[in-house]
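Grab a viewer and something to scribble on. Here are some short exercises to work through, each with a solution you can check against.

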Amino acid sequence: MDKYVCDICGYIYDPEVGDPDNGVAPGTPWENVPEDWVCPLCQVGKENFSKE
């Protein structure tokens with residue numbers, strides 16, 4: 001599974017880790033992350049992420 005990096009702050013979304021603090025379980029591929037999810041560090045949306 002591909003990792004995605006926030007273009008604004010550099011946070012890396014790793015599907016193996018997910019973002020359990022914000023409702024995204026480990027093992028969740030990027031395509032299945034909810035559209036209303038935001039970066040846990042800078043609060044921007046998925047549209048501000050690029051494939052690493």
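The exercises below go from the overall fold to the salt bridges and then to an annotated site; keep in mind that this is a predicted model.

**Exercise 1. Work out which secondary-structure elements the protein has and how its radius of gyration fits the globule rule.**

Step 1: Start by counting elements. You should get 3 strands and 0 helices.

Step 2: Now read them off from the N terminus, which gives β-β-β.

Step 3: Bring in the radius of gyration. It is 10 Å, close to the 10 Å the globule rule gives for 52 residues, so the protein is as compact as a globular protein of that length.

Step 4: For a feel of the dimensions, put a box around the C-alpha atoms along the principal axes; roughly 25 × 20 × 15 Å will do.

**Exercise 2. Describe the burial, the surface and the contacts of the protein in percentages.**

Step 1: Of the 52 residues, 35% are buried.

Step 2: The exposed surface comes to about 3,200 Å², and carbon and sulfur atoms supply 47% of that.

Step 3: Take the contacts with a separation of 6 or more. Residues 24 or more positions apart account for 42% of them.

**Exercise 3. Find the salt bridges and say where each partner sits.**

Step 1: Searching the whole structure turns up 3 salt bridges.

Step 2: Look at K51 and D2, whose side chains meet with an N to O distance of 3.3 Å. K51 belongs to strand β3 (residues 49-51) and D2 to the segment before β1 (4-6), so this pair ties together parts 49 residues apart in sequence. On accessibility, K51 is exposed at 52%, while D2 is partly exposed at 41%.

Step 3: Next comes K3 with D14, where the closest N and O atoms are 3.8 Å apart. K3 is in the segment before β1 and D14 is in the loop between β2 (12-13) and β3, so parts 11 residues apart in sequence get tied together. K3 is partly exposed at 35% relative accessibility. D14 has 19%, and since buried means under 20%, D14 counts as buried.

Step 4: Finish with K46 and E35, a side-chain pair at 3.3 Å, N to O. Both K46 and E35 sit in the loop between β2 and β3, 11 residues apart. Is K46 buried or exposed? K46 is buried, at 9% relative accessibility. E35, on the other hand, is exposed at 64%.

**Exercise 4. Locate the residues that UniProt marks as "binding site" and check what C9 and C42 touch.**

Step 1: Pull the annotation. An unreviewed UniProt entry puts the feature "binding site" at C6, C9, C39 and C42.

Step 2: Compare sequence with space. These residues are spread over 37 residues of sequence, yet they cluster, with a largest C-alpha distance of 8.9 Å.

Step 3: Zoom in on C9, in the loop between β1 and β2. Its relative accessible area is 35%, which makes C9 partly exposed. Skipping residues up to four places away in sequence, C9 touches C39, L41 and C42.

Step 4: Do likewise for C42, in the loop between β2 and β3. C42 is partly exposed too, with a relative accessible area of 26%. Leaving aside neighbours within four places in sequence, C42 is in contact with C6, I8 and C9.

How values were computed: Residues numbered from 1 in each chain as written. Predicted model: local features only at pLDDT ≥ 70, side-chain atom pairs only at ≥ 80, totals over all residues. Heavy atoms only, no water. Helix = DSSP H or I, 4+ residues; strand = E, 2+ residues; numbered from the N terminus. Rg over C-alpha atoms; globule rule 2.2 N^0.38 Å. Buried < 20%, exposed > 50% of the residue type's maximum accessible area, 1.4 Å probe, protein only. Contact = heavy atoms within 4.5 Å. Areas by Shrake-Rupley, 256 points an atom, 1.4 Å probe, with all protein chains shown as cover. Salt bridge = Lys/Arg side-chain N within 4 Å of Asp/Glu carboxyl O. UniProt positions renumbered as here; feature names shortened; annotations may be inferred.
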